[in-house]
Amino acid sequence: MRAEDKNRVESAKVSIQRFHHGPLGKVLQRFLHERGDRDDFDLVALEQLWHRAAEHDPAIGLHLFSLFTPQDWHVLACLGFYAANPQQSLDCWVRYQSLASSMDSIRSVKADGMTGVSIRVHAAAGLERYLVEHYMNMAVTQMRAAAQIALTPVRVCLRHRKPDYHEAYRPVLGECVEFAAAENQLWFSDADMQHAHPGANRAMFELVCCELDRRLAQQQQFGGTAGQVAALVRRGLLDGVQVSLEEVAPALHLSTRTLRRRLQDQGLNFRQLLDLVRAELDQYLALQGLTRAQIADRLGYDDTAAYLHARKRWQPQVSSLAADTSA
């Protein structure tokens, strides 16, 4: 069995690095290469990559999305074009954001005559600033393109202090930008949120949402002890660490024997749970734009062939899960 499923077992106590991946990292690397910076950034942590880009453009967080090609856009940004209006597009961002990034939490906010989102990036302050700027520019750019109007936020709140490049915010996010705020918030007028999208397509919108709902159900499938174990396994794999049952048990203040028994009570063993988490992350990482070789490495396989062989084993479990969820 080990020959078929080549896992690299590493210590779960290594320092956590948030490595870049998907379109965001690729565009940052492309930006640097175009400016003569030819270092290999494949193993550079995301925050370091942003800082390197900021040496060329201090406002890179506000400008990076303008360098995205249509092929770099995430499926959530594309989904917004099929939505009926900007409000529906914004609602999809809130609902499906966990499929786009494991680092963010986004919630809807309402006030008198305004609606918007509150964005929190669970990362160091420097990285949070870059990503919040990037997300806000991405949201405004997508909403303007889908609505085909000069849609501008009526209010923008940012947790970080006013930077030296503060004038760069005006053409991107409008005039009403507040710094050192309690939360990162992006606000629009209720009237703008109801503007009909010229390219709205209900059939395509529902089709894509159906697939994203299925993937969301896979991500949220576990409860009880299995859910706690799945969360630790998922976090480890995303951080490039392959964890074992023996490493997970102490983190839950359980003996290995007790943890094994509790999983059995939920109809699972650790190997099955690991497969289900890998199947979920396989789709999640594909949505980020990773290649098969990159996904294989992130999921703990020594080579692409072993990863592709393992995927065949996952499929019956994923299909069974989908049937249970729809029921």
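What follows is a friendly exchange about a predicted protein model.

Biologist: Before we start, which ground rules apply to this model?

Modeller: Residues are numbered from 1 along each chain as its sequence is written, and side-chain values use heavy atoms, with hydrogens and water left out. Because the model is predicted, totals for chains, interfaces and linings use all residues, side-chain atom pairs count only at pLDDT 80 or more, and local features need pLDDT of at least 70.

Biologist: Happy with that. How many helices and strands are there in the protein?

Modeller: Both kinds of element are DSSP runs numbered from the N terminus: helices are H or I with at least four residues, and strands are E with at least two. Counted that way, the protein has 15 helices and 5 strands.

Biologist: What percentage of the residues in the protein is buried?

Modeller: Buried means under 20% relative accessible area, exposed means over 50%, and partly exposed lies in between, using a 1.4 Å probe and protein chains only. The protein has 327 residues, and the buried part of them is 50%.

Biologist: Which element gives the largest share of the largest nonpolar core?

Modeller: A nonpolar core is a set of buried Ala, Val, Leu, Ile, Met, Phe, Trp, Tyr and Cys residues joined through side-chain atoms within 4.5 Å. The largest one has 48 residues, and Leu-28, Trp-50, Ile-60, Ile-119, Leu-131, Leu-173 and Leu-186 touch the most other members. Elements giving two or more residues to this core include helix H1 (22-34), helix H5 (86-100), strand E2 (114-121) and helix H6 (125-147). The largest share is 10 residues, and it comes from H6.

Biologist: Which residues does Ile-119 touch, not counting those up to four places away in sequence?

Modeller: Contact means heavy atoms within 4.5 Å. On that basis, the partners of Ile-119 are Trp-93, Ser-105, Ile-106, Val-132, Tyr-135, Met-136 and Asn-184.

Biologist: How many residues are in the second, separate core?

Modeller: Val-229, Val-277, Ala-296 and Trp-314 are included in this second core. Its size is 35 residues.

Biologist: Back in H6, is His-134 buried or exposed?

Modeller: His-134 is found in helix H6. Leaving aside neighbours within four places in sequence, His-134 is in contact with Leu-24, Trp-50, Gly-61, Leu-64, Phe-65 and Phe-68. Its relative accessibility is 3%, so His-134 counts as buried.

Biologist: And what is the relative accessible area of Asn-137?

Modeller: Asn-137 is also a residue of helix H6. Not counting residues up to four places away, Asn-137 touches Leu-62, His-63, Phe-65, Ser-66, Val-172 and Leu-173. Asn-137 is buried, and its relative accessible area is 7%.

Biologist: At roughly what angle do the axes of H5 and H6 cross?

Modeller: Axes are lines fitted to C-alpha atoms, for helices over the stretch in contact, and angles run from 0 to 180 degrees between N-to-C directions. The H5 side of the contact is Pro-86, Ser-89, Leu-90 and Trp-93, while H6 brings Tyr-135, Ala-139, Gln-142, Met-143 and Ala-147. The two axes come within 10 Å, and they cross at roughly 145°.

Biologist: Now for H10 and H13: which word describes the way H10 lies to H13?

Modeller: Helix H10 (residues 224-238) and helix H13 (residues 270-287) have axes 10 Å apart and pack at an angle of about 50°. Angles under 35 degrees count as roughly parallel, over 145 as roughly antiparallel, 65 to 115 as roughly perpendicular, and the rest as oblique. The angle therefore makes H10, relative to H13, oblique.

Biologist: Which loop residue after H6 has a positive phi, and is it buried or exposed?

Modeller: Most residues other than glycine have a negative phi. Gln-148, in the loop between H6 and strand E3 (155-157), has a positive phi of about 60° although it is not a glycine. At 59% relative accessibility, Gln-148 counts as exposed.

Biologist: Last one: what distance separates the C-alpha atoms of Arg-298 and Asp-239?

Modeller: Arg-298 lies in helix H14 (residues 292-298) and counts as buried at 13% relative accessibility. Arg-298 and Asp-239 are 59 residues apart along the chain, and their C-alpha atoms are separated by 8.0 Å.
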